[in-house]
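Me: Could we go through this structure together, starting with the ligand and then moving on to a pair of helices?
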Amino acid sequence: MGIAGRKIRPLVAGNWKMNGDKASLAEAEAVRDALLGPFASLAADVMIAPPVTLLAGFAAALGGGPVLLAGQDCHPRPCGAHTGDIAAEMLKESGASAVIVGHSERRADHGETNAEVRAKAEAAHRAGIGAIVCIGETKDERIAGLTLDVVRRQLKESMPEISTAANTVLAYEPVWAIGTGLTPTAEDVKDVHAAIRDVLVDLFGMEGDKMRILYGGSVKPDNAAVLMAVENVDGALVGGASLKASDFLAIVRTYVGE
Ligand code: PGA
């Protein structure tokens, strides 16, 4: 099936990670201006997850417009003695409509387990924002032929029972592809996304069939069209190439006029 035949509205989300300052608002505004102008026929949602320090400012400048905003992480609890942490409710109040949970950098840097990722996704649902749940195998796991086992297990253990197509997005991000310039082949992406779709349908029935499955890991302007055309790829989670509006828009453009 070609991109035009898709029933699921894709999502292109930019994960700025620990990058950006107040001046970076200009990049987000350039994305907004394109969506309101030359990209007006875009058949996809577009989201930016800036560092939390910029969230409220971005919401003030972009709120109500076509660029959706997201947080990059949240604490499972709504409030309390958790120095340095941010509740999903706080992200929502600051203008986020979603939060990324379980990104591999969180799993690696902060030892986050599937159970914790699930609790964070449940927190997003409690707060009334979407959860973008990230999964993906490491290089060693791929070499050992464990990709599908790892991904299936992460999926089963990280997704809240009440996940629906409206409140949850799945992001498949092979750890070895993140920030490296390496990507799996389209055939590999197709196989993994098909396996993810099967598990989602097992777990959530019809909702699982409608849930968006993003591909993430070195998505760039020159490979976006090939990756986004793969069956069961319903958009992208973009890191490095989301920091400059021109690059991000070159990826978003994949869905213009569909
Ligand atoms: P990358 O990051 O596009 O820089 O590889 C993707 C991600 O970590 O979400």
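Reply: Before the ligand, one term: a polar contact is a pair of N or O atoms within 3.5 Å, and within protein one must be able to donate a hydrogen and the other to accept it, while residues adjacent in sequence count only if both atoms are side-chain atoms. This is a predicted model, in which local features need pLDDT of at least 70 and side-chain atom pairs count only at pLDDT 80 or more, while totals for chains, interfaces and linings use all residues. Residues are numbered from 1 along each chain as its sequence is written, and side-chain values use heavy atoms, with hydrogens and water left out.

Me: Which polar backbone atom is 2.6 Å from an oxygen atom of the ligand?
Reply: That atom belongs to Gly179; the side chain of His103 also places an N or O atom 2.6 Å from a ligand oxygen, and a backbone N or O atom of Gly239 lies 2.8 Å from one.

Me: And how many residues surround the ligand?
Reply: There are 13, counting a residue if one of its heavy atoms lies within 4 Å, and the closest are Lys17, His103, Glu173, Gly179 and Ser218.

Me: OK, now the helices: at what angle do H1 and H11 cross?
Reply: The axes of H1 (residues 25–36) and H11 (residues 245–252) cross at roughly 35° and come within 9 Å, where helices are DSSP runs (H or I) of at least four residues, numbered from the N terminus, and axes are lines fitted to C-alpha atoms over the stretch in contact, with angles from 0 to 180 degrees between N-to-C directions.

Me: Which residues in H11 meet H1?
Reply: Ala245, Phe248, Leu249 and Val252 meet Glu27, Ala30, Val31, Ala34 and Leu35 of H1, contact meaning heavy atoms within 4.5 Å.

Terms used
Helices (H or I, at least four residues) and strands (E, at least two) are DSSP runs, numbered from the N terminus.
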